[in-house]
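Let's take a friendly walk through this structure together. Have the sequence and the 3D view open as you read.

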Amino acid sequence: MAEPGKTKFQIDLRRHLRETGVNDNLTHLICEIAEASKYIINSIRTGDLGVAGTSNLYGEQQLALDVLADRILRKRLDHSQVVANMMSEEMDEIIPISPDCDGKYSVAFDPLDGSSLVDVNLAVGTIISIFEGCDLLLPGRHQAAAMYILYGPRTTLVYSVGDGVHEFGMNNLMEYTLLRESITIESKGNLYSPGGQRNLYTPGVEAFVSNLEERGVKLRYSGGFVPDINQVLLKGNGIFFYPHLQNQPNGKLRLLFELNPMAFLIEQAGGAASNGYQRILDLQAEQIHDRAPVFIGCKEDVALAEEFIRTLDNAQPQPEAKKTRKRASAS
Ligand code: AHG
Ligand code: MN
Ligand code: MN
């Protein structure tokens with residue numbers, strides 16, 4: 001935590017982790033991910049817009065940015081000495097790194113969320129979920145830490161180890177320094193960020209949206225999960241949802257790579273995250289690419305969504321019978 005008398009911009013990520021009492025291995029892991037993000041931001045800024053399979057000026061094969069971001073993170077985690085298992089939105093299976101779980105961590109990540117927004121120059125991000133030991137399929141409440149990096153006009157990093165949520169900004173030396181500590185969100189918001197096609201909303205979700213609109217709540221949706229969640233967190237109010245749709249009962253977003261870490265962060269800030277019936281952090285993943293509907297943000301707004309859904313929609317989302325794998329290229 002910030003020492004009295006010290007200006008907060010002097011506190012870098014490593015020092016903040018140490019002063020928060022985070023152990024050496026977890027500190028090292030979070031700092032390694034922060035290091036990897038510097039290469040990812042560089043690729044986003046300077047790389048070809050990269051559709052996998054195309055070639056650059058020199059005739060070399062180009063990688064799609066999400067594939068490149070995936071490789072950058074995998075390599076860093078692989079060499080970190082503190083990771084037991086890892087899995088990524090871009091992979092089909094868990095990748096074992098060390099059979100020794102003691103003192104090690106396992107990491108699930110979405111290396112580049114919103115990759116289809118890069119070519120229109122909108123904000124994108126990296127999302128990370130960290131468990132102690134070897135198990136990556138535990139309910140999200142068991143996460144040891146969660147974080148995201150937002151590549152917007154500025155690059156920021158938000159993390160929690162279960163002791164509040166803290167925001168860091170990348171400075172001109174590419175170091176992350178503390179911007180805001182112990183971020184909190186209000187219990188009721190005045191903005192909403194709605195994913196999915198509205199004509200496919202169920203009666204419960206449609207009634208919820210109408211209720212928000214009647215209340216004069218403002219629409220603020222970028223199409224990128226990281227900037228949309230960051231907005232709720234840093235404005236301190238609002239709700240993001242990507243609901244169950246009539247043709248997609250489990251919505252779009254992935255439990256392990258996207259929802260668990262964001263639910264951990266939003267809960268740490270005093271908010272809530274639900275699939276419409278249950279707390280996201282209590283959901284048990286059956287398979288690594290499980291999806292779930294999500295309503296996340298101010299507690300009272302999430303509770304209101306649950307109420308409409310319980311009253312007007314009949315069935316809880318069930319685990320998908322057969323998972324379809326997302327292609328590794330930009331979505
Ligand atoms: P990804 O790029 O990792 O596949 O995820 C994109 C996500 C998320 O950023 C956003 O909230 C959502 O997809 C948008 O979904 P639509 O494509 O339905 O707009
Ligand atoms: Mn994603
Ligand atoms: Mn992605």
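## Helix α6

In this predicted model, the buried residues of α6 are L255, L256, F257, E258, L259, N260, P261, M262, A263, F264, L265 and I266. That makes 12 of the helix's 14 residues, so α6 is mostly covered by the definition of buried as under 20% relative accessible area. Just past the end of the helix, G270 adopts a positive phi of about 95°.

Keep two of these α6 names in mind, E258 and M262. Each comes back below, one at a metal ion and one in a nonpolar core.

## The manganese ion, ligand 2

E258 is one of the protein donors of the manganese ion (ligand 2), together with E89, D110 and D113. E89 and E258 give OE atoms, D110 and D113 give OD atoms, and the distances run from 1.9 to 2.8 Å. Written along the sequence, the spacing of these donor residues is E-x20-D-x2-D-x144-E. D113 sits in strand β3 (residues 105-113) and E258 in helix α6 (residues 255-268), so this pair ties together parts that are 145 residues apart in sequence. Both D113 and E258 are buried.

What is the geometry of this site? It is irregular, with angles of 60 to 170° among the six donor atoms.

## The manganese ion, ligand 3

E89 also bridges to a second manganese ion (ligand 3), which lies 3.6 Å from ligand 2. The protein donors of ligand 3 are E89 (OE), D110 (OD) and L112 (O), at 2.3 to 2.6 Å, and their spacing in sequence is E-x20-D-x1-L. E89 belongs to the loop between β1 (83-88) and β2 (95-96), while D110 is in strand β3, so here the tied parts are 21 residues apart in sequence.

Are these two residues buried or exposed? E89 is buried, with a relative accessible area of 3%, and D110 is buried too, at 0%.

## The nonpolar cores

The largest nonpolar core has 59 residues, and Y148, L233, F241 and M262 touch the most other members. Helix α6 gives the most to this core, nine residues in total. Domain 1 (13-180) and domain 2 (191-312) both contribute residues, so the core lies between them.

For a close look, try L233. Setting aside its neighbours within four places in sequence, L233 contacts Y148, V158, V165, I183, T184, I185, L265, I266 and A269. Apart from this core lies another, of 43 residues, including A69, M86, L157 and Y176.

Definitions and conventions
Residues are numbered from 1 along each chain as its sequence is written. Chains are lettered from A and ligands numbered from 1 in the order in which they are written. This is a predicted model: local features need pLDDT of at least 70, side-chain atom pairs count only at pLDDT 80 or more; totals for chains, interfaces and linings use all residues. Side-chain values use heavy atoms; hydrogens and water are left out. Donors are N, O and S atoms within 2.8 Å of the metal (3.2 Å for Na, K and Ca); water is not among the atoms, so sites may look incomplete. Four donors count as tetrahedral if all angles lie between 85 and 135 degrees; four count as square planar and six as octahedral if opposite donors are over 155 degrees apart and all others between 65 and 115; anything else is irregular. Helices (H or I, at least four residues) and strands (E, at least two) are DSSP runs, numbered from the N terminus. Buried means under 20% relative accessible area, exposed over 50%, partly exposed in between (1.4 Å probe, protein chains only). A nonpolar core is a set of buried Ala, Val, Leu, Ile, Met, Phe, Trp, Tyr and Cys residues joined through side-chain atoms within 4.5 Å. Domain bounds come from an automatic or database domain assignment. Contact means heavy atoms within 4.5 Å.
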